[in-house]
Amino acid sequence: MNYIKNMNTIRKISYASLIYFFLYAPIFVLIIYSFNNSSYSFLWQGFTLRWYQNLLHNTELQIVAIHSLIIAILAATFATGIGTVAAVNLYRYKFFGKKLLHSLIFILILSPDIVTGISLLVLFSVMKITLGFWTLLLSHITFCIPFVTVIVFSRLIGQDKHLLEAAKDLGATDSVIFRRILIPLLWPSIIAGWLISFTLSLDDVIISFFVTGPEFDILPLKIFSMTRVGVKPEVNALCSVMFGLTLGLVCLYQFAMRNRDRGT
Amino acid sequence: MNMMLSSLRSLLSSPRKRGSKPKYLFFALFLILSISSTLVQAEEPILNVYTWSGYLPESVIHQFQQETGIRVNHSTYASNEALYSKLKANPDIGYDIIIPSADFVSRMIKQDLLQPLDKTKLHYLKNLNPTFLNKACDPGNLYSLPYLWNAYGIAVNQKYHNPKTITSWNDLWQSKYKEQLLAIDDTRIFFSMGLVSLGYSENETNPKKLNEVFLKLKDLMNNIKVFNLDAQKSIYIDEDITLGMALNGDIYLAQIENPNLQFIFPKEGFVIALDSLAIPKGAKHSDNAHRFIDFVLQAEVSKQISLETGFSTPNRAAELAMPDNIRNNPFLYPTKEIMKRGKFEIDVGEAARLYEHYFERLKMEH
């Protein structure tokens, strides 16, 4: 009996580790190559920190990375604000066309990037808006909003509706309910929505290709354009740094959530 | 489009929540947007450059900014198609300098996307090598000036094959090379090999001849192991493949890491990919663009660009100023006799579809 049990755990563990292996192996390969002492070869030529040093001096790559971070942070923040309010509206109030609006949100999530990209480009050129920072930011906010709304909405459904009725009974106004009850309740999903928007914005190529202008280049487009001449090892180094940053962000989130749970 | 806006707006405002904060923020954003877009109209010391990735070294941009006080915004593309579609979708997008390849230069001229150059503003024109001027893609160089060039030939690893036995494109058809070759994953370049090996023009548009080339290339498919465009250097360096099509500049760089690599200019001829500076019609800083072109034409700058990118320069003065080992490198600067066999591409118009069709069939039927 014990033997079979052991076999089962082994099977489970190896299955799980296989999944994680498939997910993480490419990232580790990239990180390993960022230390490879060769410009083009994929064979191991020795350990070096050269690419990280080059990265420090490569201002062009740094500038586009900073551009990307600025856009991602701003887009995630605005989208989270707008998306949360939208989710609360959809949950709390009855108004004409509510069902339609609700399903339109899902359609936006499902619609291919290329459609969103081209339609935004058409919109901007009809309105005669110069392509650049603002068009990029607006577009990123636009495609992030539905994701935030869906995430926050799914958390709202799980809540007890009587909570809001009780609050109202005790004389809370709408804004008080929003600030003192809904926001604290929804906090984990709001952060999750922000993080998802941040990630989506940071690695979007297709929509950005259409809506950005000459004065504002971003990292994903820069890396994508290197495919013809070959991606430089400095990009491996940069991606490793960004992976580290993401890891840090996730750890911070877990840490904050645990403290919060302990607090309540 | 208005529908999209109004649906966004109605998302933000329920009957009871009229005037909530995010809505004001949204309108404020639009206000700032409209103001900033009107401000951009005025002339300014800015230059928007759109080039192939890795084609414009940072040091050159830096020097230009210091000398002229013009701020350069540099963005990059990976293919002529990306550049073309971006310009075509929005001609007023605001790029001031672009570097299309020869066939796209001729297509863009045909479609009125380029601005004629004002040669009175260009003092270093005489530096350019006449070999690369006045080509079919832009007769008289009214719209474009050569920037860098590459040649598509054959790469051989001498550890595995004797380079002397390979002199012609036709040598690649030998059955002993079964499943060994690398082919460049670019329709026109791949077909140019077949066209030139049959003695036809690299810009052939006759459907009958194209069909003949298709059949000839079909025989070659058994020898091809991989189609690749972006990783030739690593593939040849790591000896995953030891024979196949390649760019001379790539093999020059690869040879530094693997000295066994050799480059051959086939005897029937080879395509020279010429990338040229041009100014799009919608450019808002035409004066600055001319200053930039003139800056790049200087021997020292041109030399620096060529050294950092690894590709050959069409600038005669820069070529002469190169260090000896580069100037005499037979891959980068072959003799005049070899250069005579070089061929230049132009837009093939409607025939491009036929090329694509045959290329797809080759890959699918194999």
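This is a short tour of the structure, stop by stop, for you to follow in your viewer.

**Before you start**

You are looking at a predicted model, in which local features need pLDDT of at least 70, side-chain atom pairs count only at pLDDT 80 or more, and totals for chains, interfaces and linings use all residues. Residues are numbered from 1 along each chain as its sequence is written, while chains are lettered from A and ligands numbered from 1 in the order in which they are written.

**Stop 1: chain B as a whole**

Select chain B and switch to cartoon view. You should find 15 helices and 10 strands; helices (H or I, at least four residues) and strands (E, at least two) are DSSP runs, numbered from the N terminus. Of its 366 residues, 42% count as buried, where buried means that 20 or more other C-beta atoms, placed from the backbone, lie within 10 Å of the residue's own.

**Stop 2: a strand, a helix, a strand**

Now pick residues 71-77 of chain B, strand β2, where six of the seven residues are buried. Add strand β1 (residues 46-52) of chain B: seven bridges join β1(B) to β2(B), and the two run parallel. Strands count as paired if DSSP finds at least two bridges between them. Show B:Y50 as sticks, and opposite this residue, in β2(B), you will find B:S75. How does the chain get from β1(B) to β2(B)? Helix α3 (residues 58-68) of chain B carries the crossing, a right-handed β-α-β crossover. Right-handed means that, with the strands pointing away from you, the path from the first strand over the helix to the second runs clockwise.

**Stop 3: two domains**

Colour domain 1 (46-148 + 273-334) and domain 2 (150-272 + 346-365) of chain B separately; these bounds come from an automatic or database domain assignment. Their C-alpha centres lie 27 Å apart. The contact takes 16 residues from domain 1 of chain B and 14 from domain 2 of chain B, contact meaning C-beta atoms, placed from the backbone, within 7 Å. On the domain 1 side, α5 (102-110) and β9 (270-278) of chain B each give two or more residues. The largest share of that side, five residues, comes from α5(B).

**Stop 4: a residue in chain A**

Finally, select A:A75. Leaving out residues up to four places away in sequence, A:A75 touches A:L137, A:H140, A:I141, A:C144, A:S197 and A:S201.

Terms used
A residue is buried if 20 or more other C-beta atoms lie within 10 Å of its own, exposed if 12 or fewer, and partly exposed in between; C-beta atoms are placed from the backbone. Two residues are in contact if their C-beta atoms, placed from the backbone, lie within 7 Å.
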